[in-house]
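Here are my notes on the structure. Please read them with the sequence and the 3D view side by side.

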Amino acid sequence: MLRLSEPYRASLAGSLDELREHAAPPRAQWRRWAAVGAWACLVAAAGALAYLAAERAGIRSLQQGTLHRLDIYATGLRSELSRYEYLPQVLSLSPDVLDLLHSPNDEALRREANVYLETVNAHAQASASYVMDNAGLTLAASNWGQPGSFVHMNFSYRPYFRDAMGGQPGRFYGIGTVSREAGYYFSFPISDAGRRIGVATVKVGLDKLDAPWANSADKVLAIDRNGVVVLSSVPAWKFRSLRPLSTQTLQQLAQTRQYTEAGELTALDLREHQPWSGGAATVVQIGTDAPRTKAGNGGFGPDLLLDSRPVDGTDWKLIMLSDMGPVHAFARTAALVTMFALVFLTLLVLFFQQRRRIVHHRLAAREALQRAYDELEHKVQLRTEALSEANYHLQSEVAERKRAEEILKNTLEDLVQTGKMAVLGQMSAGITHELNQPLAALRTLSANAVVFLERGQPEQVDLNLRTICQLTDRMGQITSQLKKFARRSGVELQSVLLADVIGDAVFLLGQRIREERIQLEQQIEPGLCALCEGNRLEQVLVNLLVNAFDATAAGGAPRQVRIVAQRTADGVALEVHDNGPGIAPEVMAHLFEPFFTTKEQGRGLGLGLAISAGIVRDFGGLLRATSSGALGGAAFIVSLRNNNNGNGNCETSNDRPPSA
């Protein structure tokens, strides 16, 4: 019997398999091609899903950074506008302005008002400040001595004039019909004896924002309620609309002459569409100046992710356009990696299948080695499972570490954002608290002036009006100092006479002292001075006195408050004592923390002592609380340095104005 050797038998088996494959029926070949087609569709579908998932993740990551930068731009714009909100109201209180409105033909009064507006405008660094009568005719302006002066110009067609005459502060952005320069307008009604006699207006240029926005890599723009671009990091987009304006809107803009000097408000060639991954994101394309062709994207620029947010206090909206190129590139890379991974896995599976076939043929040819081969195959399988399990654990650890890093990154970003919001909250609350007492004094003096006017006492009316002017100037100084305090800037220390500071503080609270019958004692050493800033020390003293008045209001005994100013071994001490219930030990530990207060809800923010302690620290001093041995209540002690002459007396004259 003829016996074939092992190599010949293996070759013969392979030849028989090839003959069987070539002799396969057409139905089997069709099934094979159908499987290949299904596999190709599966790879394409996996690539598409990977592209959509990666695109959505890229958009989400891009939006996080975009919204953060939008908050920064919005805060900067709002801060620039808020610097001038109060200025028209200040102008409306000026005696020079009121006199001119009562006698509009008096050239001497017109010159005094012009000089006053020019001085205020120079200090405020605004574009222009001017006053109009109730017909919209400009009587005085800060640019009265310049070409293109606003004097004798009528602006009754402007919305900010109509709003002010209606009794509401006006706001308006537009291009000046005289100066040909864009600006933001603030207006405030001027009233006398319940009758509106004019409007005070301040124009603010926003040129300070153009340079930073133009140098930024972001495409950011601000639009008004009509969709017209008023500010943009791309100069060519300024004074263009996002969409074609309606006829009614164009007629309204023509009546107000808001953008008359800008020419035609042509619309940007804007095309919106949703990303392939869906979601709430908006992707836009802006047309280029190049001729459109069938190739490329039809004359449109690259995809841009659009994010927006409103600007508080205005009808504007900030829009940021972020390039979607990196997102698309990331999505394409993810799709290609997924498809290549599936192809590799498929080839790996086919390789193992082919290998099993070869092994099967070899086992058929080598029956003698079957047991050894099975054992070897079993060991390979065990080793493969061990490696797969180890690889799985390794991937799990890597994924867990990536999640932990992402959580840490998000936590740090949240902490930075929370710190920034806290600083902004302290700034707004501080301004409200610091201006509360001067505003109350202004209201009281205004009411007294009306009473004196009815009684026919012009000397008292004149005195009250002059005092109101001084308090208005002092409010300007207070806001300036609060801005410096919020930025933690340095304090210019000088030798201040404490008697003047105490006199001014007591004057501001004099009405309350008289109405509530508070027994106020003063023990002040004559000629005693301290190194500080007078206006800010006055605010600290007013806050301490108000707290002392509130503390003595609960008891039935006569209310007593004592102010003591005396020399100490280290300098000088300013003390405020009261006969109230005192400070509990559990409250003492949290007394100077922000937003901590023992007053009823609605009567305090809990920021007065925290701000006062910060002011005293800027002076190089210390504010502390203790029990009053003299009156039995609480005592707040402000320790300050003297002028280093050894006795605490003033060596030079103080520039601080005397108390009224």
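1. Among contacts (heavy atoms within 4.5 Å) in the protein chain between residues at least 6 apart in sequence, 61% link residues at least 24 apart.

2. The model is predicted: local features need pLDDT of at least 70, side-chain atom pairs count only at pLDDT 80 or more, and totals for chains, interfaces and linings use all residues. Residues are numbered from 1 along each chain as its sequence is written, and side-chain values use heavy atoms, leaving out hydrogens and water.

3. The protein chain has 660 residues, and 38% of them count as buried (under 20% relative accessible area, 1.4 Å probe, protein chains only). About 38,000 Å² of the chain is exposed, with 56% of that area supplied by carbon and sulfur atoms; the areas come from the Shrake-Rupley method with a 1.4 Å probe.

4. The secondary structure comprises 16 helices and 18 strands. These are DSSP runs, numbered from the N terminus: helices are H or I with at least four residues, strands E with at least two.

5. One open sheet has five strands, ordered β2-β1-β5-β4-β3, with antiparallel pairing. Two strands pair if DSSP finds at least two bridges between them. At the edges lie β2 (138-141) and β3 (170-175), each pairing on one side only. From one strand to the next, the twist averages 25°.

6. Three bridges join β1 (residues 128-133) to β2 in the antiparallel sense. Tyr130 has Ala141 in β2 as its bridge partner. Helix α5 (residues 107-124) packs on the sheet and touches β1 and β2; its direction makes about 50° with that of β2. Axes are lines fitted to C-alpha atoms, for helices over the stretch in contact, and angles run from 0 to 180 degrees between N-to-C directions.

Key. Buried means under 20% relative accessible area, exposed over 50%, partly exposed in between (1.4 Å probe, protein chains only).
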